[in-house]
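Reader: I should be grateful for a close account of one part of this model, followed by a description of its surroundings. Please proceed from the overall form to the details, and state how far the prediction itself vouches for them.

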Amino acid sequence: MQALVVAAHGSHLNPDASDPTYAHADTVRETGAFDEVREAFWKEEPHFREVIRTLESDEVFVVPLFISEGYFTEQVIPRELRLEDWDPEKWDSDGTDASQVTLEATDVGKTIHYCGPVGTHDAMTDVIVQRAESVTEDPDVGDGVGLAVVGHGTERNENSAKAIEYHADRIRERERFDEVKALFMDEEPEVDDVTDFFESDDVVVVPLFVADGYHTQEDIPEDMGLTEDYRLGWDVPAEVDGHRIWYAGAVGTEGLMADVLLERAADAGAELGDAVERVRAMTAGSDGAATDESEPKAGD
Amino acid sequence: MADSLPDHESLLAAAEEGVDFDGFVLERTDDGTYALETPEARETTLEEGELERALESIPAFVSNWRYWDAIGGEGTARRTFLRWCERAPIADATTEGQTLGDEPLEVPERHDALEEGIVREWGQLRIAVRLADGGEGERRYELRHVDDADRAREELERREDPRDARELSTYDEEGRYRPLKTAPTLRSGWVLPDLTGRALVEAVDFFYPATIANWHRERRGELDVDHWLETAERQTGIYDVIDELPREAVDWMAEACCVDSQCLRRREWEYDDDDALEAPGGDGPFPCREPCSLVVAAARKWAILESEAERTYELELTTSELNQLAELIDAVADGRTDEIREADVNDGANRYRARYLRAKRFDENGGLEATKRE
């Protein structure tokens, strides 16, 4: 038997923080690829500490639903799971290429395949692009359009910015969008000045965050000038300094994120059959709200 | 995953190895005949046809074997919990440090009780198990809030999917977020009427995550308790400070957060292995094996607050006003403020009484007018 554990942050204060975790776990459940699928959290229950013991499977794939390699993926999760012999060196990563390490959880004697975070997997690039398609309701979005991939960024952890730049570079190489930039909340180049960085009239802004919350629903929309006050909401697209800003909200709510969970587990040796193909079919264009044909498309 | 019940052929196949389960013994002997035994009778040298008639005369034993053979998972928490639900004997139970509750029921008494339905309580959950229609031995589980025990099923909001437990357990009756799943604030008014064993366990795992697993470990004498000190010393980052919380503050914290009125888990962790906390651990069926993330987060706040030096202040209050401060703290600590009637000015925590005290005793900075004594 094999199990998937989706390890996420969760929240003591915000009931919606875990919604994407449950949604993506449910998508994986529907495939039947794993005998058991569990959500686990730092701030909700089951806690990382107690999740493995709820499983009957001997082989467990743990995928952190986090954006970058850092404090949570390198210290908190392995410690709380009691992964003996864990050492971040075992990922042999320069910040974006952790794949997996096979270890034992000492409280239960099970084999744990501890995977890198979803945020740094190559498949995440596709999720960002699909997010841009969803928000513009245009499956071919790109021509004449700029794309900003936005991250938290922090001086304390250089990996935080690396993940954002990694995906921005990969999307740029595809030459689908006219311009692609990596922008940050807490370091240069800053998302506040988003329109300074683009020549395109239409700019799609995709924050690389796991869940919508304070940063994606309050901070970033106000900082970019989409709205005076987040409580009043904002238009999509919104006019800012002569540009049309298509603000996508957290990429982590995109249905295709479930695909990244599966890819992580597959890279670690999980037997998935045709689950990856099925998840891609199930989540293609998901989250794209009902299309109003009269709405202008980005780049039209 | 469906657990389909084994057929007659499967029972004969199992008899080759020998069946000995819940008082039902069936063996194939060397001469090719069968030996069948229950607590009431023993029959030997049964040919296949005779065996079939003999089995038909003890349907409770046969269907009981069929159901539990389908459930499988020998030694798992899932199987043990489902056994507990119908008060079946549990093989590996130890009696140390846990509540055994009612005496176990043997077949055929259990079979009769299952016709009526057997009820168990797990925190604020009420689990009723009964035999499904068809006489095969299949069980059906109904899950509802303990406060809804006497309500007709039709009056309750009907749910089918065990995953609905996530939504049902997210908000309390007043619509407030419940960050602690085992807080005694589960809302009532719903029913999951028709669950399989697996679906029941899935639903309970969403209502009260990991409680079945830890209860099972405790029954086997394998509960791995992490006391306060170990848990505090393990923390890093912003929680690194919590091991500085003074010894007596940990007592106050347990009394504030971990008693039955606040959390249904039974606290098994102490300050340290040989240093027990004063507050009662609680009476719930499932144990708490280490301080939870809410306690850790609150402990950080208290560790910072307790690092402040105590000072002596002078402030003017009447005796009644001093008592009123105590009443206000009590009302908030007991979550009673919503119950205080609008015009009940005899209650010190009444809103008008509090507003009056504020108007009289607060200074222009919006705090109590007090002087620090040097």
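Author: The part chosen here is chain B, as it appears in a predicted model. Of its 374 residues, 28% count as buried. The overall dimensions of the chain give a first view of its form. The radius of gyration of chain B is 28 Å, whereas a compact globule of 374 residues would come near 21 Å. Taken along the principal axes, the box that holds the C-alpha atoms of chain B measures roughly 100 × 50 × 35 Å. Within chain B there are 13 helices and 13 strands. If one considers the contacts in chain B between residues at least 6 apart in sequence, 58% of them join residues at least 24 apart.

The beginning of the chain deserves a separate remark. Helix 1 of chain B covers residues 8-17, and because the number of buried residues among its ten is zero, this helix lies largely in the open. Directly after helix 1 of chain B comes Gly18(B), whose phi is positive, at about 100°.

Further along the chain is an open sheet. Five strands of chain B make up this sheet, in the order 5-6-7-9-8, and their pairing is mixed. The edges are held by strand 5 (118-122) and strand 8 (157-158) of chain B; each has a single partner strand, so one side of each is left without a neighbour in the sheet. In general, the strands of a sheet pair through backbone hydrogen bonds, in either the parallel or the antiparallel sense. Strand 6 (residues 125-131) and strand 7 (residues 139-145) of chain B are an antiparallel pair, joined over seven bridges. Ile127(B) has Leu143(B), in strand 7 of chain B, standing opposite.

The surroundings of chain B include chain A. Their contact takes 22 residues from chain B and 18 residues from chain A. On the side of chain A that touches chain B, two elements give two or more residues, namely helix 2 (48-51) and helix 3 (71-80) of chain A. Of these, helix 3 of chain A gives the most, with three residues. By residue class, this side of chain A holds nine charged, five nonpolar and four polar residues.

Chain A is itself divided by the domain assignment into domain 1 (2-119 + 254-283) and domain 2 (123-252). The contact between these domains takes 23 residues from domain 1 of chain A and 22 residues from domain 2 of chain A. On the domain 1 side, helix 1 (19-31) and helix 7 (257-267) of chain A each supply at least two residues. Helix 7 of chain A has the largest share of that side, four residues. The residues of that side of domain 1 of chain A comprise eleven nonpolar, six polar and six charged.

There remains the matter of confidence. Chain B averages a pLDDT of 94, and 96% of its residues score at least 70. For chain A the average is 91, with 94% of the residues scoring at least 70. Residues 287-300 of chain A stay under 50, and for this stretch the model has 24 contacts beyond four places in sequence. For the model, both ipTM and pTM are 0.92.

Methods:
Residues are numbered from 1 along each chain as its sequence is written. Chains are lettered from A and ligands numbered from 1 in the order in which they are written. This is a predicted model: local features need pLDDT of at least 70, side-chain atom pairs count only at pLDDT 80 or more; totals for chains, interfaces and linings use all residues. Domain bounds come from an automatic or database domain assignment. Two residues are in contact if their C-beta atoms, placed from the backbone, lie within 7 Å. Ala, Val, Leu, Ile, Met, Phe, Trp, Tyr, Cys and Pro count as nonpolar, Asp, Glu, Lys and Arg as charged, and the others, Gly among them, as polar. The radius of gyration is taken over C-alpha atoms; the globule rule is 2.2 Å times the number of residues to the power 0.38. A residue is buried if 20 or more other C-beta atoms lie within 10 Å of its own, exposed if 12 or fewer, and partly exposed in between; C-beta atoms are placed from the backbone. pLDDT is the predictor's confidence in each residue, from 0 to 100. Two strands pair if DSSP finds at least two bridges between them.
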